[in-house]
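Me: I am new to this structure and would like to understand the words used to describe it. Please take me through them with care.

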Amino acid sequence: MTLAKSFFIGGAVLLSAGCASSRSAAGSEPAHGQLSSLSVASRPGAEFCEHRVPRETCTRCNPHLEEKFKAAKDWCGEHAVPESQCYLCHPDLSFEPLPALAEGADLRKLSEAGEDVPELGSHAVRGKVTVFDFYADWCPPCRQVDAHMYGLLNGRTDVAYRKLNVVSWDTPLAKRYLGGVPNLPFVVVYGKDGREVARLMGLDLDALDKAIAEGGSR
Ligand SMILES: [Zn+2]
Ligand SMILES: [Zn+2]
């Protein structure tokens with residue numbers, strides 16, 4: 001996932017974002033900013049504008065919002081839109097709503113805002129494959145994991161999806177689990193026997209499917 005890597009060059013650089021190609025050419029005045037969650041709509045089902053952004057957060061539809069994004073350093077100087085709305089720099093940006101979840105789909109949030117979860121094992125559901133998803137609202141590939149998992153949860157009842165919102169690299173949750181993780185998403189899969197099957201760093205849906213299949217056979 002080369003895009004994700006360009007987001008997070010050096011885990012210490014908080015939400016550092018931008019096109020890798022222009023990063024080196026930019027000199028001391030960076031042409032790119034960082035991704036923030038400012039572009040995420042305040043509620044699900046928000047309306048989209050012609051720029052494929054939630055209308056309420058789009059700076060081209062609402063120029064007065066530019067200040068707010070610039071203050072948060074969420075600004076792509078090269079394309080004059082927020083970094084978090086720049087499809088030229090981040091082609092896999094997505095604000096599309098996730099599929100509706102079927103009744104009985106086993107999804108829970110273990111960490112709402114980066115608060116610590118000291119260990120995962122006790123949250124693994126016996127008799128189900130448990131997928132722990134460490135994500136952030138500003139992470140486009142994380143939404144692809146969501147879309148994939150939502151589809152899966154709608155088809156089967158033996159999978160539990162547990163979401164952990166790391167928010168940033170500085171939260172207690174991130175400090176405990178993301179030390180060696182170069183980019184989000186970070187997914188940990190436990191088998192039906194309650195034992196860990198795999199840890200996946202970055203977006204790899206094939207590996208995720210494989211881990212879930214393995215976890216289901218235990
Ligand atoms: Zn717009
Ligand atoms: Zn851009």
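Me: Why is Ala-80 called exposed?

Reply: A residue counts as buried if 20 or more other C-beta atoms, placed from the backbone, lie within 10 Å of its own, as exposed if 12 or fewer do, and as partly exposed in between. Ala-80 has 11 other C-beta atoms within 10 Å, so Ala-80 is exposed. This is a predicted model, in which local features need pLDDT of at least 70 and side-chain atom pairs count only at pLDDT 80 or more, while totals for chains, interfaces and linings use all residues. Residues are numbered from 1 along each chain as its sequence is written, and chains are lettered from A and ligands numbered from 1 in the order in which they are written.

Me: What makes the phi of Ala-80 worth a remark?

Reply: Most residues other than glycine have a negative phi. Ala-80, although it is not a glycine, has a positive phi of about 55°, and it lies in the loop between α3 (66–71) and β1 (106–111), where helices (H or I, at least four residues) and strands (E, at least two) are DSSP runs numbered from the N terminus.

Me: Is Val-167 buried or exposed, and how do you know?

Reply: Val-167 has 20 C-beta neighbours inside 10 Å, and therefore counts as buried. Val-167 also has a positive phi, near 70°, and its place is in the loop between β3 (159–165) and α5.

Me: What makes the bond before Pro-185 a cis bond?

Reply: The peptide bond from Leu-184 to Pro-185 has omega near 0° and is cis, whereas most peptide bonds are trans. Pro-185 lies in the loop between α5 (172–177) and β4 (186–190).

Me: How do you know what span to expect of helix α4?

Reply: The expected span is 1.5 Å times one less than the number of residues. Helix α4 (residues 140–155) has 16 residues, for which 22 Å is expected, and it reaches 24 Å from its first C-alpha to its last, which is close to that value. Among the buried residues of α4 are Val-145, Met-149 and Leu-153.

Me: Why are β1 and β5 said to stand at the edges of the sheet?

Reply: Two strands pair if DSSP finds at least two bridges between them, and the open sheet of five strands has the order β1-β3-β2-β4-β5, with mixed pairing. β1 and β5 (196–201) each have a single partner strand, so one side of each is left without a neighbour in the sheet.

Me: What makes β2 and β3 a pair?

Reply: Seven bridges join strand β2 (residues 129–135) to β3, and the two run parallel, which meets the requirement of at least two bridges.
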